[in-house]
Structures are given as structure tokens and as C-alpha cells.
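Me: I am still learning to read structures, and I would like a close look at a single part of this one. Could you take me through it slowly, explaining each term as it comes up?

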Amino acid sequence: MRRVRPEELPALLEGGVKVVDVRPADRRKTPLPFPAEWVPLEKIQKGEHGLPKVPLLLVCEKGLISQVAALFLEAEGYEAMSLEGGLEALTKAE
């Protein structure tokens with residue numbers, strides 16, 4: 001599973017990577033600064049996500065839930081990446 005550093009994010013977004021917000025509903029208080037589809041980790045664990053087989057960048061608050069989600073998706077044959085440090089790292093990088 002590839003971990004993406006915050007400074008790599010602009011190039012990935014320009015390249016058309018699909019961003020997936022894997023935060024649980026009660027943790028979605030911070031809005032994302034880019035478009036993303038919301039698919040909570042629970043749906044990914046159960047295989048009930050319906051995501052296309054395209055490169056995926058998974059995001060959460062601190063980067064831990066997204067790593068777990070990426071591992072589940074990789075086991076299904078997806079190219080899945082996790083934003084290192086999550087949304088917290090993005091706000092610190094600004």
C-alpha cells in the first residue's frame with residue numbers, strides 16, 4: 001500500500017485519482033478541500049463499496065483508517081493509496 005505525502009496530493013488530483021473519504025459518519029465534521037466519494041471503512045470491510053477499479057486515494061482524519069481501508073481494497077485487487085497523516089497533515093502543511 002502506497003502512502004501519499006501531502007505535497008504529492010496536487011499532482012494526484014490533477015491526474016484524476018478517485019478520492020474516497022473512509023471516515024465514519026460521526027467523524028465527518030471537517031470538510032474535505034477536494035471532491036471525494038464517502039464510503040465508510042465498514043462498507044469496504046464487507047465488500048459493499050461498489051468502487052470502480054481505478055487508482056484510489058483514501059483519506060481520513062489521521063491516516064490510520066485509510067491505511068486499513070487501502071489494505072482491504074488491495075486484497076481485492078485495487079490500486080489503493082492512503083494519505084499519510086490524513087486531513088490533519090493537510091492543515092499542518094498549509
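Reply: A good place to begin is D21, which is buried, as is R23; here buried stands for a relative accessible area under 20%, exposed for one over 50%, and partly exposed for what lies in between, with a 1.4 Å probe and protein chains only. This is a predicted model, in which local features need a pLDDT of at least 70 and side-chain atom pairs count only at pLDDT 80 or more, while totals for chains, interfaces and linings use all residues. Residues are numbered from 1 along each chain as its sequence is written, and side-chain values use heavy atoms, leaving out hydrogens and water.

D21 has a relative accessible area of 1%, and it forms a salt bridge with R23, where the closest N and O atoms are 2.8 Å apart. The term salt bridge describes a side-chain nitrogen of Lys or Arg that lies within 4 Å of a carboxyl oxygen of Asp or Glu. D21 also forms a salt bridge with R28, and there the closest N and O atoms are 3.3 Å apart. R28 is partly exposed, with a relative accessible area of 36%, whereas D21 is buried.

The strand to look at next is β2, which covers residues 18–21 and pairs in the parallel sense with β4, residues 56–59, over four bridges. Strands (E, at least two residues) and helices (H or I, at least four) are DSSP runs numbered from the N terminus, and two strands pair if DSSP finds at least two bridges between them. β2 also pairs in the parallel sense with β3, residues 37–38, over two bridges. V20 shows both pairings, since its bridge partner in β4 is L58 and it stands opposite E37 in β3. In a regular strand, side chains alternate between the two faces of the sheet.

To set the contacts of D21 in context, a search of the whole structure finds eight salt bridges. Among them is the one between R2 and E8, with the closest N and O atoms 2.7 Å apart; R2 is partly exposed at a relative accessible area of 39%, while E8 is buried at 19%. R2 and E8 also belong to a network of salt bridges that links them with R5 and E7.
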